[in-house]
Amino acid sequence: MKTIAVEHAVGTVLCHDITKIVPGGGKGPAFRRGHVVREEDIPALLDIGKANLYVFDPADGYVHEDTAAIRLSRAAAGQGIAFSEPQEGKVTLTASHDGLLCIDVDGLTRLNDIQDVSFGTIHRHQRVKPGRVLAGTRVVPLVVPEALMQEAEAVCAEHSPLIEVRPLRHAQVGVVTTGSEIFHGRIKDGFGPLLRAKFDDLGSEVVDQVFVSDMVGMTADAITSLVRQGADFIAVTGGMSVDPDDQTPAAIRATGAEVISYGAPTYPGAMFMLAYLDDVPVLGLPGCVMYYKASIFDLVVPRLLAGERLTRRDIVALGHGGLCENCGTCRYPACGFGK
Ligand SMILES: Nc1nc2c(c(=O)[nH]1)N[C@H]1C(S)=C(S)[C@@H](COP(=O)(O)OP(=O)(O)OC[C@H]3O[C@@H](n4cnc5c(N)ncnc54)[C@H](O)[C@@H]3O)O[C@H]1N2
Ligand code: MOO
């Protein structure tokens, strides 16, 4: 804090409210603590008898809350993020393109552990569309030391990007639908239309769907021939559980694919399998994916399309929040499932 002649105060920050009293008129703050003095304020300040002011000077090593919020948001954000102007010291971050919200949670926790830094976000790993509010950030006091800002920016740099929206790739999806009852026409296929709609919504395309009976060789051949024909994402439906006819996990293994996980701590989706045939994700989708509005499919597929190579650890980490409450009216994604 220092005293400064009002003529030289442009750009500095008032340390306290400045009161204006008009006889018979009123009394109230003409300028608030934290106000950044502008050229046009000078006559008004002189009119209320303020020839000198107590101000924070950025040169003294202090940063105003608006500048701090701008700096925090810029330091944390990667691609796909738009910023609001600071309002009451807070900058709001929104999605500027469609994609998967990715947040380095360890970095975020470190950032918020710095006294007086506040950075709050929605849950990560959600598919977000442009305009969706993702985060808000500010510092708690009106001004903070420059050294604090530098510490915060260093944490952001170490965890860069701390928050970003990764675009989803346009996958060419091959679907293999198992089940003798569908293969022999006893019942109508329900998986194909559902997967076409779900992949279409994510900006990908089901390029082919092959029907097979409950036989390992037939199913494995269908997977490998779809990949040979150019599919870069495979979904195998049905036959994922414990009946003698449930041969899909064995068929996926028979292709030589590397199995990351069979089973997931998610309901619906416990019988899910994730494997990779070279770089092509091969998913074993249990019957529940067809039945429920939200399932393991919605938790995993956007992440795969955003280019994440998921590990067993990523799958087991889904357990906390992995139980769908099966509400009367499904509100997913506005609920705790997968969060
Ligand atoms: N004793 C146990 N029973 C079940 C278990 C278990 O671990 N032990 N797991 C349950 C879970 S979890 C699921 S999910 C379901 C079904 O899993 P599957 O992937 O094996 O599904 P299917 O047996 O192939 O089919 C179940 C049901 O859905 C119909 N279906 C399958 N595909 C299609 C399709 N493309 N179009 C229309 N209908 C389809 C199928 O005819 C069956 O009626 O198992 C639990 N049970
Ligand atoms: O894979 Mo199953 O939900 O858990 O229905």
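## Exercises on strands, domains and ligand shells

Strand β9 (residues 99-103) and β14 run antiparallel and are joined by four bridges. The model used in these exercises is predicted.

**Exercise 1.** State the order of the strands in the open sheet that contains β9, and find which strands stand at its edges.

*Solution.*
- Step 1. The sheet is open and has three strands, in the order β11-β9-β14, with antiparallel pairing.
- Step 2. β11 (127-128) and β14 (163-166) each have a single partner strand, so each stands at an edge with one side left without a neighbour in the sheet.
- Step 3. For a residue-level check of the pairing between β9 and β14, take Leu100: its bridge partner in β14 is Arg166.

**Exercise 2.** Determine how strand β17 pairs with β15 and with β20, and name a residue pair for each.

*Solution.*
- Step 1. Strand β15 (residues 172-177) pairs with β17 over five bridges, in the parallel sense. Thr177 has Thr237 of β17 as its bridge partner.
- Step 2. β17 also runs parallel to strand β20 (residues 280-285), with four bridges between the two. Here Ala235 stands opposite Leu283 of β20.

**Exercise 3.** Sort the residues of β17 by the way they point, and decide whether the strand is enclosed or open.

*Solution.*
- Step 1. In a regular strand, side chains alternate between the two faces of the sheet.
- Step 2. In β17, Phe233, Ala235 and Thr237 point one way, while Ile234 and Val236 point the other way.
- Step 3. Both groups are buried. Since five of the five residues of β17 (residues 233-237) are buried, the strand is largely enclosed by the rest of the structure.

**Exercise 4.** Describe how domain 2 and domain 3 are placed and what the contacting side of domain 2 is made of.

*Solution.*
- Step 1. The domain assignment splits the protein chain into domain 1 (2-60), domain 2 (62-166) and domain 3 (172-319).
- Step 2. Between the C-alpha centres of domain 2 and domain 3 there are 37 Å.
- Step 3. Five residues of domain 2 are in contact with five of domain 3. On the domain 2 side, one of these residues is nonpolar, two are polar and two are charged.

**Exercise 5.** Set out the class make-up of the shells around ligand 1 and ligand 2.

*Solution.*
- Step 1. Ligand 1 is surrounded by 21 residues, the closest being Gly238, Met240, Ser241, Pro286 and Gly287. By class, this shell holds nine nonpolar, eight polar and four charged residues.
- Step 2. Around ligand 2 are Tyr267, Pro268, Gly269, Ala270, Met271, Pro286 and Cys288. Six of them are nonpolar, one is polar and none is charged.
- Step 3. Pro286 is listed for ligand 1 and for ligand 2.

Notes:
Residues numbered from 1 in each chain as written. Chains lettered and ligands numbered in written order. Predicted model: local features only at pLDDT ≥ 70, side-chain atom pairs only at ≥ 80, totals over all residues. Near = placed C-beta within 6 Å. Nonpolar A, V, L, I, M, F, W, Y, C, P; charged D, E, K, R; others polar. Pairing = 2+ DSSP bridges. Domains from an automatic or database assignment. Contact = placed C-beta atoms within 7 Å. Buried ≥ 20, exposed ≤ 12 C-beta atoms within 10 Å, placed from the backbone.
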